[in-house]
Amino acid sequence: MSNLPEPVRVVQLPDGTYTYADHLPAPIQPPAAVPQVVHQHIHQAPPDRTVQRIALGSGIGAGTVAAGVYFGPLLVGALTAIAANLALLAFLAAVLCWGVVTVVKSIGGPDGQAAAKTLSRARKRRR
């Protein structure tokens, strides 16, 4: 036995050019007359309790599930931003009211102090 490669064959094509025999395309094989049997195994997915799986199982559709997955966090973010804005506005209103009351007490003289006392008494009675 020899370790040398097999000699390369050179063939002449119908158009007159030469090429190596190992570069020729494989011959086209006719289709088999007997139909081939395809074995297909279908497995059922394991039970999954996620909301998406339940929604798809109840016929809602993948678009609805995708919208819920996409818009759910956006809705939470928007509501959080609204709540933060309202908290900031409430804090500003409290600070401004405190500032107005302080200014009225200090600048208003006896009338301002009397008005502040009246307001504080009215607040104490409501409680």
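pLDDT is the predictor's confidence in each residue, from 0 to 100. The structure is a predicted model, in which local features need pLDDT of at least 70 and side-chain atom pairs count only at pLDDT 80 or more, while totals for chains use all residues. Residues are numbered from 1 along the chain as its sequence is written, and side-chain values use heavy atoms, without hydrogens and water.

**Exercise 1.** Find which helix has the lowest mean pLDDT among the elements of the chain and which has the highest.

*Solution.* Begin with the chain: its mean pLDDT is 76, and 69% of its residues reach 70 or more. Next, list the elements, which run β-β-α-α-α from the N terminus; helices (H or I, at least four residues) and strands (E, at least two) are DSSP runs. Helix H1 (residues 51-57) has the lowest mean, 56, and H2 the highest, 87. Where pLDDT is low, the predicted coordinates should not be read in detail.

**Exercise 2.** Compare the span of helix H2 (residues 62-107) with its expected value.

*Solution.* The expected span is 1.5 Å times one less than the number of residues. For the 46 residues of H2 this gives 68 Å; the end C-alpha atoms lie 67 Å apart, so the two agree. H2 also has a kink of about 30° at Phe-71, shortly before Pro-73, where the bend is the angle between axes fitted to the seven residues ending there and the seven starting there.

**Exercise 3.** Classify the ring pair of Tyr-70 and Phe-71.

*Solution.* The structure holds 1 aromatic pair (ring centres within 6.5 Å; planes under 30 degrees apart are stacked, over 60 edge-to-face, the rest tilted). The ring centres of Tyr-70 and Phe-71 are 4.9 Å apart and their planes at 80°, so the pair is edge-to-face.

Conventions: Phe/Tyr/Trp six-rings, centres within 6.5 Å; stacked < 30°, edge-to-face > 60°.
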